[in-house]
Structure formats: C-alpha cells, structure tokens
Amino acid sequence: GRTFYYRVPQDSFGTFKYVEPFMDPALEQKIKAFICQVGVTGPFEIEFPIDKNNTLYVLETNFRIAQQNYAYTKLGVNIPFLYALSTLKGEIAYEEIQYIPSRKATLMQEFEDLKESCLHGDISIWQWIKDVYHTDCFSYYTPSDILPFIMTLWAKVLNTLNKITKR
C-alpha cells in the first residue's frame, strides 16, 4: 500500500495517515525475490519513500507487523490471517492477497496524535475531533473489540498519575 502522511510531529513516524493500494507488478516481483533470498518466514514491511519525480527509495525493512499495518485490513489484506494461512500451507499464500484498488483508508494513532498534534498546539481540539470522526481505523480503538483501547487508556492514566505523585 501507499501511505501519505497528514501529520508528522517532530520525532515521530506520523500519527495520522492516508493509505491506498500501490500496484507496481515489477516492484512486487523484486520484493518477492528479496524475501525469498533473505528467507523471510513471517509478516514484514518495507518502507519506500517516493520523491517528487515518483522515484522509490528503500528506507527500511521491518521483519514484524508494524502498528500501521492494521490499515491494510481496511484495504482487504488481512496480514495476520495471511501469515497463519501461509504457515499452514508451508508457502506464501499470494493468491489470497486481494487488494481492493478503489478502497482507501485513513489510520490514526489516536493517543499519539492527540498528544503530539493537538496538545502541542499543531492543531485545535476541534480539528482533531473532526479528524477522529473521519478516520477509518485506529491503532487501538475497534468497535468490535474495545478492550485494547480501554487497557491502553487505563495504562496511560496510571502512568500520568504516577508521574504526578512522584513530583
């Protein structure tokens, strides 16, 4: 997928992003050759910054599922499912990867974006609430399973209280 950053606070990898499928068969073949050569056996991501002339550069390869990869499920690619299926089959289940080219998604790392963008004054609280309303997927909040959001919120509240009481 292709990711466009709406907000990249200082010392951050971006807290509010727009993701869309990126179809490049030649690049896909190069990536397949690379992962076979390296012996990748699990989920991974490769970051490619693109300059103004549409030239791709390899920034880094992460041999893990990154937090932002959840957005790809909104594009029709369920990475954990594909990993499990590939493990069971003993080979990468390429035929199961079915991007929906017209589908696009916005991803927000809600706690980080609130802290880095809103509380530091880059945007207003009203703009942040508007962005939350228009966000397709979040790093922690999912309507069908709110426990990760609640537990993360609780941990952040406890951490803040600990800092206050130690002063």
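Is Ile150 buried, partly exposed or exposed? Keep that residue in mind while you get your bearings, and remember throughout that what you have open is a predicted model.

**The whole chain**

Begin with the entire protein in cartoon view, where the secondary structure comes to 6 helices and 6 strands. If you trace the chain along the sequence, the elements follow the pattern β-β-α-β-β-α-α-β-α-α-β-α. Of the 167 residues in the protein, 29% are buried.

Next, colour the model by pLDDT, which averages 80 for the protein, with 84% of the residues scoring at least 70. Select residues 2–7, strand β1, and you have the element with the lowest mean pLDDT, 57, whereas helix α6, residues 147–165, has the highest, 93. Where pLDDT is low, the predicted coordinates should not be read in detail.

**Helix α6 and the nonpolar patch**

Now select Ile150, which lies in helix α6. The opening question can be answered here: Ile150 is partly exposed, because its relative accessible area is 39% and partly exposed covers the range between under 20% and over 50%. Extend the selection to Tyr141, Ile146, Leu147, Met151, Leu153, Trp154, Val157, Leu158, Leu161 and Ile164, and show the surface, since these residues together with Ile150 make a nonpolar surface patch of about 980 Å².

**A patch of positive charge**

Keep the surface on and select Lys115, Lys156, Lys163 and Arg167, which gather in a patch of positive charge. Arg167, one of these four, is found in the segment after α6, and with a relative accessible area of 82% Arg167 is exposed.

**The salt bridge in helix α1**

Move to helix α1, residues 25–38, and show the side chains of Glu28 and Lys32. Side chains of opposite charge can pair when their charged atoms come close. Here the side chains of Glu28 and Lys32 meet in a salt bridge, with 3.4 Å from N to O, and the count for the model comes to 1 salt bridge. Why are these two residues placed about one helical turn from each other? Glu28 and Lys32 are separated by about one helical turn because they are 4 residues apart in helix α1. Glu28 itself counts as partly exposed, at 41% relative accessibility.

**Strand β5 and a buried alanine**

Select residues 105–108, strand β5, and pick out Ala105 within that strand. Ala105 counts as buried, with a relative accessibility of 1%. Add Ala71 to the selection and draw a line between the two C-alpha atoms: Ala105 and Ala71 are 34 residues apart along the chain, and their C-alpha atoms are separated by 6.6 Å.

**Around Leu114**

For the last stop, select Leu114 together with Ser124 and Trp128, and take the two partners in turn. Ser124 sits in the loop between α4 (110–118) and α5 (125–133), where Ser124 is partly exposed, with a relative accessible area of 38%. From C-alpha to C-alpha, Ser124 and Leu114 are 9.9 Å apart in space, while in sequence they are 10 residues apart.

Trp128, by contrast, lies in helix α5. Is Trp128 buried or exposed? With a relative accessibility of 13%, Trp128 counts as buried, because buried means under 20% relative accessible area. The C-alpha atoms of Trp128 and Leu114 are separated by 7.2 Å, although the two residues are 14 residues apart along the chain.

Notes
Residues are numbered from 1 along each chain as its sequence is written. Side-chain values use heavy atoms; hydrogens and water are left out. pLDDT is the predictor's confidence in each residue, from 0 to 100. Patches are made of residues with over 30% relative accessible area and no salt bridge: like charges are joined within 9 Å, nonpolar side chains (Val, Leu, Ile, Met, Phe, Trp, Tyr) within 5 Å. Accessible areas come from the Shrake-Rupley method with a 1.4 Å probe; for residues, only the protein chains shown count as cover. Lys and Arg count as positive and Asp and Glu as negative; His and the chain ends are not counted. The place of a charge is taken as NZ of Lys, CZ of Arg, CG of Asp or CD of Glu. Buried means under 20% relative accessible area, exposed over 50%, partly exposed in between (1.4 Å probe, protein chains only).
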